[in-house]
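Colleague: Got a minute? I'd like to go through this one with you.
Modeller: Sure, let's pull it up.

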Amino acid sequence: MRLVLIVLMLLAIAPAAAQTTTVSQVLQTAVTQVIRPGMLEFKARASGLRIAMNALCSVPSEGTLVIAKGQFRQAALAYGRIEFLRIGPLMEDNRVDRLLFWPDRKGIGLKQVQAILATEDATATSLATLRGKSVAAQGFGALEFVLYGTGAEALLQPEGAFRCAYGRAVAANIAQIAGELAAGWFAPEGIAGHLTAPQADFADYRSENEALEELVGLLSHGIEATRDTRINPFLATAERAARPKEALFWRAGLSMAMIRANVDGMRRLLEQSGIARAVAQKDAGLDNSIDFEFGNAVRALDLVTLPVEQAVADDKQVAALNYLVIVTGSLQALIGEQLSAALGLSVGFSSLDGD
Amino acid sequence: MWQRRAFLKAAGAGFAASLLPQQVLALERNELVFASSVRTAGGGYGAVLLGERGDLIASIALPDRGHDITISREAGRGVVFARQPGTFALVFDPAGREAPVTLTSVEGRHFYGHGVFSPDGRLLYATESDFEAAQGVVGIYDATDGYRRIGEFPTYGTGPHEMLLMPDGVTFVVANGGIETHPDFGRTELNIDTMDPSVVFIDRRDGRLVGQLRLEAGLHQLSIRHMAIDGRGRVWFGCQYKGAPGESPQLVGYATMDGAIELVELPPGTLADLRNYVGSVAASADGGMVAVSSPQGDLLVAIDTEGKRPVLVETLRNGCGLAADGAGFVATSGDGAMIGIAGAERERQSFGFLFDNHVLRVG
């Protein structure tokens, strides 16, 4: 009898227990389980990239080139998983643009990188002077061109020494910025403390609600940015044909992998932090709905197996890409509007995205 | 005054199509006083015309999100501009006699959400973007010829936002926010590292640049967006900071046609509560006060234009829209509230729609 009673009691409290994720837990978990590990992973991958570029320049060979390209991929994707975290350290010191100047509508970065290579501008080969150069010539976009762009075959020849040295300096810059990001997220009295334990006298987060609003905003804006800057620009529209060379990292063949990294990073924050579980009983289904839609995004991405240039000419893969655009819109509404309202945040659209 | 009677004859899509008895009563005792873009309870977009007591006189359906509204008695028309980077502007008859007409931006241009009529109501001007060149332009429309676009002139900067007509009736002041966007990339800001915001004075007769004012070089990431003109003809502006989040530059200042531009010192606590974001600026009826709002910080600040210091700080969740009201201001919010501050005699009201960033006083 007692056992039956206990079972009944457990059954009675089970649904309520599912909703006990507190805002404080969400904030703590977001920082300790998602943001900080993401920053550390990027730091480690960027460090690997720096070392690999050193090795390539010291001993140019097919082997060191393959390793350098592999490390480029690893570092870029690690960044792809955290680049939506546009708060705190990433927003300081022009780091977003210095890591990846994108979109680059006028091809500024390409022109500057080509000019540096053509003139063998020695100031681009040391970290200190490279950092003083245009933001468009010191990040992933520049390094992609060094490794994959026109003339990259020279990397294995003596005449490619300058090109390699420039790439080495860019990799060192990426590694340095990655280190600064990690340091910022672990700094005492830094953003991590403010985000997880807001106080009325903090300039950045005065209440748990503001901190929560920031996380929801990061997800909503992150999805919007992935669609608007990584997918839509290369898809055909009613007015124009597809433009596969508007895809990020098309030279390296990483366009779709970067989109996947973006989606994975945002999904990870949503799932691990439990942000969509910190809602009242009546909104308990929202967590599943959002996760289901993330699943749809991943399934659509899995269907795009060809390089972007061929994918945009393949009906099935174009359909998957178009579906991906729809799914991102749905995710943006689910998170930016429904989740926001379910969490009791100020959904008033004046503040959601200003003007 | 815009008389309510004509609304009863209103025809056209979504234009006060069906009035409830209470709304008819509202029409009986009201004249049009306020206008604002809104988001409706159903998630759609529109504009509302409100009476002195906040009574809903009429609503207008919009195809997408609107932003600011301008009205000319001389033209007998009001215009709702699409929020940037929108491609429509809706011309409506505040007296409800004729159905609204939708303007579409011309190829290579989109609207920025703000505009004004010429004093005689014959021309409509709108801030627009020549997005391929990343240059702002003022589009010119002939109100006497079906709002045909008859030309444009440059704003001498990127990302123009609000524009106002100076009291002299011939000079425009335009806030070039400095931020480049392009329809290919949605609302993504493309040039944060190289932004170059400015306040420009332009002769509306020939588009000639009368003067261009910039804040000091270290403040190039301070986007100048919204403005109001005080009793002495000074142009007060509010900014949005796009630099490092830990920095807190001053956000409110004024510019004059004599070439002066300066930021005023708000106390640190007030400044911090604005959250690096001013969403709208309005001047009081006597021009002795300006008010600024921050929907990010839920804050409204009224500033004495002579003493250049705050005289009132009030909180309003999601508050953004501001307009002169009585001796003070009316403020509207993205949560659907309307309140009076700094001398406005007005009870707090709540509506079933959400106010967009700006509210216009018509009367």
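Modeller: One term before we start: Lys and Arg count as positive, and Asp and Glu as negative. Also, this is a predicted model.

Colleague: OK. So how many positive and negative side chains does chain A have?
Modeller: Chain A carries 32 positive and 37 negative ones. The centres of the two sets lie 5 Å apart.

Colleague: And how many helices and strands are in chain A?
Modeller: It has 15 helices and 0 strands.

Colleague: What does the radius of gyration say about chain A?
Modeller: It is 23 Å. A compact globule of 355 residues would be near 20 Å, so the value agrees. The C-alpha trace spans about 85 × 50 × 45 Å along its principal axes.

Colleague: How much of chain A is buried?
Modeller: Buried residues make up 52% of its 355 residues.

Colleague: Switching to chain B. Is strand E21 mostly covered or open?
Modeller: Mostly covered: 6 of its 6 residues, 289-294, are buried. On one side sit B:Met289, B:Ala291 and B:Ser293. On the other are B:Val290, B:Val292 and B:Ser294.

Colleague: Which strands are joined to E21(B) by bridges?
Modeller: E20(B) is joined by 4 bridges, antiparallel. E22(B) is joined by 6 bridges, also antiparallel. B:Ser280 stands opposite B:Ser293, and B:Ser294 stands opposite B:Leu299.

Colleague: What about the turns? Which residues have a positive phi?
Modeller: In the hairpin of E20(B) and E21(B), with 5 residues between the strands, B:Gly287 has a phi of about 75 degrees. In the hairpin of E21(B) and E22(B), with 4 residues between, B:Asp298 has one near 55 degrees.

Key: Residues are numbered from 1 along each chain as its sequence is written. Chains are lettered from A and ligands numbered from 1 in the order in which they are written. This is a predicted model: local features need pLDDT of at least 70, side-chain atom pairs count only at pLDDT 80 or more; totals for chains, interfaces and linings use all residues. Side-chain values use heavy atoms; hydrogens and water are left out. Buried means under 20% relative accessible area, exposed over 50%, partly exposed in between (1.4 Å probe, protein chains only). Helices (H or I, at least four residues) and strands (E, at least two) are DSSP runs, numbered from the N terminus. Two strands pair if DSSP finds at least two bridges between them. The radius of gyration is taken over C-alpha atoms; the globule rule is 2.2 Å times the number of residues to the power 0.38. The place of a charge is taken as NZ of Lys, CZ of Arg, CG of Asp or CD of Glu.
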